Amino acid sequence: MVLVVLDHDGNKLRKGSLEALTRARALAEALGSKVVGVLLAEEKAPAEEALAYVETLYTATLGPYTAEKWAAGVLAAARQVGAQAVVAPSSRQSRTYLGRVAYALKAGLLEDTLESTVEGGAVVATRYAYLNRVTQKVRAALPVVLTVKPNTTPLAEPLPTRGEVKTLEVPSVPTVEVLERLQEEKKGVSLTEADIVVTGGRGMGSAEAFRLVEELAALLGGAVGATRAVVDAGWRPYSEQVGQTGKTVQPSLYIALGVSGAVQHLAGMNKSKYIVAVNKDPEAPIFKHADYGIVGDVHQVVPALIEAVKRLKD
Amino acid sequence: MKFVAVIRQVPDGESRLKIQGNRVDLSGATLILDQMDEYAVEETLRLKEKHGGEAIVVGFGPERTEEAIRTALAMGADRGIHVVYEGFADPVAVAEALAGVIQEEAPTLVVTGGQQADWDSQALGAALAEALGVPVVSWTTALELEGETAKAKHDLDEGAEWVRVRLPAVFTTQQGLNEPRYPTLPGIMKAKKKEVKKVAFQGAPKVEILEETIQEKTRLQKILDGKDPVAAAEELVRLLHEEAKVL
C-alpha cells in the first residue's frame with residue numbers, strides 16, 4: 001500500500017495534499033498497489049473533501065499538534081495497511097514528524113522531492129541539496145517515506161466514487177505539552193504554496209514601508225516574504241522569512257524589492273520560475289539572478305508598479 | 001548536567017561548488033561548522049554556563065569533520081566525540097549511528113541544527129529523538145530549563161508556540177535562538193588539547209545518491225532603468241504579462 005498523508009487547515013485540504021496524492025497514485029500504480037489516506041485532526045478535518053480522493057481514509061482526532069502525536073498517527077496507519085511508501089506534502093512540521101516515522105519504519109527518507117519514480121523496485125527521486133544549489137538524484141529501497149515539495153506536481157483529480165472512513169487507533173506517546181499558541185494573523189495565501197511571492201528587503205527602509213509590499217502582494221494574489229535582515233530588525237515575523245534559515249519557495253513569479261541578493265537569501269528562492277528585482281544599486285547581486293529588473297528607488301518604483309498592475313487588471 | 005550538541009561540517013554557503021564525475025566536489029570549497037549546528041553549540045554552552053555541568057559536541061562525518069568539532073571546542077565545549085564515516089549517510093542512518101553514543105552519555109538534552117546546509121535535510125533531530133525515544137522540539141527560538149523540564153518556544157508552519165517538555169528531549173535550532181560566539185585565541189589553543197574520541201560508524205545508509213548536478217537557470221537579465229519609475233513599471237508589467245505570461 002501507499003499511504004498518503006493529507007494535510008489541511010481544519011476546513012480544507014492544502015494544495016500540497018493534492019500534489020502528494022498525484023505522486024502517491026503514480027507510485028502505487030508502478031508498484032501494483034493502492035493508495036490509502038490518513039487525515040489527522042487537532043479538532044476537525046475536511047473528511048468529506050478527502051473522501052473524494054481516496055477509497056479508504058483513516059482518521060483520528062488528536063488534539064493540539066505535536067510531532068510525536070502526528071508521527072504516532074501516521075505510524076499507526078502505515079502499520080495497519082502495511083505501507084511500502086508514505087507520501088506527504090513537504091512542510092516544516094511534516095519533515096519533523098516524518099523524520100520520526102522514517103526512523104521507526106527503518107525507511108529510506110526522501111525529503112522535499114521534485115519528482116519520484118519507481119525503478120527496479122526502489123524509489124528514485126530528485127531533490128535539491130547544498131542550499132538549493134545542487135540537484136540530487138537519490139534512490140531508496142522500500143519502504144520509503146517521501147515528502148513532496150510544493151508547486152512541483154499537478155493536482156490530483158477526485159475519484160469517481162466516494163471513499164470510506166476508518167477510525168484509527170493511535171496509541172498515546174510521550175510528547176510535549178503545548179502551553180500557548182502564538183498564531184499569526186493569517187494574511188492571504190501560504191508562503192510556500194503561493195504562486196507569486198513579493199519579498200521586501202532592507203532596502204524597503206522601514207517596517208511601515210512594507211505596506212507597499214503587502215499591497216502589491218494582495219493585488220497579485222500572492223504572499224509576502226522577507227529577508228533575514230528585515231526579520232532580525234523586527235519589521236516582519238520569522239514565518240515570512242525566505243532563505244537558508246527561513247522558508248524555501250518556488251513560485252512562478254518572485255518579486256524582490258530592495259533585496260540585495262545574499263547567498264543565504266538566494267538559497268530560498270533561486271528555483272523560482274521568474275525572478276524580478278527592484279533595487280537602487282545596479283551592482284546588487286540580485287540582478288545577476290533576475291529575469292527582469294528595475295534599477296530604481298523602491299519607494300517610487302513600487303507605487304508605480306501597483307498602479308501599472310491595477311491598470312492591467314482593469 | 002550534560003548538554004550535547006550534534007554537529008556536522010558543511011561547505012560555506014558562499015563557496016563555489018563544482019561537479020566532478022556526477023558528484024559535488026568539495027575540494028575547492030571552504031568547509032565550516034554548519035551555521036545551524038553552531039546555534040546548537042552556543043545553546044549548550046549557555047546552558048552549561050547557567051546550570052553547570054558539561055557541554056559535549058558529537059560530530060558526524062568524514063575525518064575532516066574534526067575541524068568543525070575543534071571549532072566547537074574552541075567556542076568552549078568540553079570534549080568531543082567523532083563518529084567517523086567517509087560516505088553519504090541519510091539522517092535515519094546517522095541517527096542510528098549516533099543514538100548509542102549519545103545514550104551512553106545520558107545527556108540532559110540534545111541540540112542540533114534545524115536544517116543541514118549540505119543535504120538540506122531537516123530530519124536529523126526528529127530521527128534522533130525517535131532513536132532515543134524522547135520528544136523533539138523543532139525550530140527552537142527560546143529554551144529555558146525548569147527543573148526536570150524545559151520550556152521552549154518554537155516555530156510551526158504558521159506561527160509559533162510555547163511548549164513544556166520533560167527531559168531528556170531533542171531540540172533543533174532556528175535562527176534567533178542565540179548569537180553564536182566567536183572562538184577566542186586562548187579558546188583555540190585550549191581546544192587543541194581537548195579530547196576528541198573517535199568512534200567507527202556502524203549502520204547502513206538507506207538512501208543512495210545516484211547523481212548530482214548543478215542546474216543554474218539562465219536568467220533573462222532584462223534590467224530597466226528606473227529614472228522614470230512610471231514608464232519602467234509600465235514596461236515591467238507589460239513584459240510580465242506578454243512575455244513571461246505570469247500576470
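This passage walks through a predicted model with chains A and B, from the overall build of chain A to the contact between the chains.

A good place to begin is chain A as a whole. Eight helices and 15 strands make up its secondary structure elements. The radius of gyration of chain A is 21 Å, and the globule rule gives 20 Å for 314 residues; the two values are close, so chain A is as compact as a globular protein of that length. Taken along the principal axes, the box filled by its C-alpha atoms is roughly 60 × 45 × 40 Å. Of the 314 residues in chain A, 60% are buried. Sequence separation adds another view of the fold: when contacts between residues at least 6 apart in sequence are considered, 63% of them join residues at least 24 apart.

Both chains can be divided into domains. In chain A, the assignment gives domain 1 (2-167) and domain 2 (196-313), and the centres of these domains, taken over C-alpha atoms, are separated by 32 Å. Five residues from domain 1 of chain A and seven residues from domain 2 of chain A take part in the contact between them. On the domain 1 side, the residues comprise two nonpolar, two polar and one charged. For chain B, the assignment gives domain 1 (2-200) and domain 2 (220-247); here the centres, again taken over C-alpha atoms, are 45 Å apart.

Helix H1 of chain A offers a helpful close-up. This helix covers residues 15-31, which is 17 residues, and spans 25 Å from its first C-alpha to its last, close to the 24 Å expected at 1.5 Å a residue. Several of its residues are buried, among them A:Ala20, A:Leu21, A:Ala24, A:Leu27 and A:Ala28. Charged names appear in the buried list too, including A:Glu19, A:Arg23 and A:Arg25. What covers these buried residues? The cover includes strands E1 (2-5), E2 (35-41), E4 (85-89), E5 (108-119), E6 (122-129) and E8 (144-148) of chain A. After the helix comes A:Gly32, which has a positive phi, near 65 degrees.

Attention can now turn to the place where the chains meet. Chain A contributes 73 residues to the contact and chain B contributes 71 residues. On the chain A side, the largest share comes from helix H4 (residues 92-105), with ten residues. Sorted by class, this side of chain A has 39 nonpolar, 19 polar and 15 charged residues. Strands also pair across the two chains: strand E7 (residues 134-141) of chain A and strand E14 (residues 207-213) of chain B run in the antiparallel sense and share six bridges. Within this pairing, A:Val138 has B:Ile209 as its bridge partner.

A single residue, A:Leu253, brings several of these themes together. It sits in strand E13 (residues 253-257) of chain A. Is A:Leu253 buried or exposed? A residue is buried if 20 or more other C-beta atoms lie within 10 Å of its own, and A:Leu253 counts as buried because it has 22 C-beta neighbours inside 10 Å. Leaving aside neighbours within four places in sequence, A:Leu253 is in contact with A:Ile196, A:Lys273, A:Tyr274 and A:Val276, and also with B:Leu240 and B:Val246 from chain B. By contrast, A:Val176 lies 77 residues away along the chain, and its C-alpha atom is separated from that of A:Leu253 by 39 Å.

Notes. Residues numbered from 1 in each chain as written. Chains lettered and ligands numbered in written order. Predicted model: local features only at pLDDT ≥ 70, side-chain atom pairs only at ≥ 80, totals over all residues. Contact = placed C-beta atoms within 7 Å. Helix = DSSP H or I, 4+ residues; strand = E, 2+ residues; numbered from the N terminus. Pairing = 2+ DSSP bridges. Domains from an automatic or database assignment. Expected span 1.5 Å × (residues − 1). Buried ≥ 20, exposed ≤ 12 C-beta atoms within 10 Å, placed from the backbone. Rg over C-alpha atoms; globule rule 2.2 N^0.38 Å.
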